[in-house]
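Work through the exercises below with the coordinates open. Each task is followed by a solution in steps.

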Amino acid sequence: MLLTMSAKELSKIEIIQHVCDKRIRQIDAAQALKLSHRQIQRLVNSFHEFGPQELVPKKRDQPGDHHYCSILKPKFWS
């Protein structure tokens with residue numbers, strides 16, 4: 001499976017990998033990524049279990065939740 005990642009996602013994976021290798025603490029990673037300590041724990045657990053592909057957003061290339069169907073969308077919104 002080929003993963004396409006942005007520079008921000010690659011840096012996130014690198015920091016999470018450092019946490020897994022115990023080179024940096026979870027608190028330091030949380031400050032670097034501007035996330036909470038609990039979110040870093042969740043990312044580390046999913047990284048251990050599923051690998052780096054788990055850190056890629058799952059809703060990428062999908063329309064948003066508030067997206068109107070083309071049938072319902074009025075003509076002047078186009």
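## Exercise 1: the nonpolar core

Task: identify which residues of the largest nonpolar core touch the most other members, and which elements supply the core.

Solution. Step 1: the model is a predicted one. Its largest nonpolar core has 13 residues, and those touching the most other members are Ile16, Ile40, Val44, Phe47 and Leu55.

Step 2: sort the members by element. Two or more residues come from each of α1, α2 and α3. The largest share, 5 residues, belongs to α1.

Step 3: take Leu55 as an example. Beyond four places in sequence, Leu55 touches Ile13, Ile16, Leu43, Ser46 and Phe47.

Step 4: set this against a general tendency. In soluble globular proteins, nonpolar side chains tend to be buried together.

## Exercise 2: the chain as a whole

Task: describe the element content, burial and confidence of the protein chain.

Solution. Step 1: count the elements. The protein chain has 3 helices and 0 strands, in the order α-α-α from the N terminus.

Step 2: consider burial and surface. The chain has 78 residues, of which 22% count as buried. The exposed area is about 6500 Å², and carbon and sulfur atoms supply 55% of that area.

Step 3: consider contacts along the sequence. Among contacts with a separation of 6 or more, 44% join residues 24 or more positions apart.

Step 4: check confidence. The mean pLDDT of the chain is 82, and 78% of the residues score at least 70. Among the elements, α2 has the highest mean, 95, and α1 the lowest, 90. Where pLDDT is low, the predicted coordinates should not be read in detail.

## Exercise 3: helix α1

Task: compare the span of α1 with the expected value, then find where its buried residues lie around the axis.

Solution. Step 1: α1 has 14 residues, and its first and last C-alpha atoms are 20 Å apart, close to the 20 Å expected at 1.5 Å a residue.

Step 2: list the buried positions, which are Glu9, Ile13, Ile15, Ile16, Val19 and Cys20. These residues cover an arc of only 165 degrees around the axis, so they lie on the same side of α1. They pack against α2 and α3.

Step 3: examine Glu9. Why does Glu9 count as buried? Its relative accessibility is 13%, and the cut-off for buried is under 20%. Leaving out residues up to four places away, Glu9 touches Thr4, Pro57 and Arg60.

Step 4: look past the helix. Lys22 follows α1 and has a positive phi, near 60 degrees.

## Exercise 4: helices α2 and α3

Task: place Ala29 in its surroundings, then repeat the span check for α3.

Solution. Step 1: Ala29 lies in helix α2. Its relative accessible area is 0%, so Ala29 is buried.

Step 2: list the contacts. Beyond four places in sequence, Ala29 is in contact with Ile15, Val19, Ile24 and Ile40. For Val19, 10 residues away along the chain, the C-alpha separation from Ala29 is 7.2 Å.

Step 3: turn to α3, residues 37-50. Its 14 residues should span 20 Å at 1.5 Å a residue, and the end C-alpha atoms are 20 Å apart, which agrees.

Step 4: find the buried residues of α3, namely Ile40, Leu43, Val44, Ser46 and Phe47. They pack against α1 and α2.

Step 5: finish at Gly51, which follows α3 and has a positive phi, near 95 degrees.

Note on methods. Residues numbered from 1 in each chain as written. Predicted model: local features only at pLDDT ≥ 70, side-chain atom pairs only at ≥ 80, totals over all residues. Heavy atoms only, no water. Buried < 20%, exposed > 50% of the residue type's maximum accessible area, 1.4 Å probe, protein only. Contact = heavy atoms within 4.5 Å. Helix = DSSP H or I, 4+ residues; strand = E, 2+ residues; numbered from the N terminus. Expected span 1.5 Å × (residues − 1). Core = buried A, V, L, I, M, F, W, Y, C linked by side-chain atoms within 4.5 Å. Areas by Shrake-Rupley, 256 points an atom, 1.4 Å probe, with all protein chains shown as cover. Arc of directions from axis to C-beta. pLDDT = per-residue confidence, 0-100.
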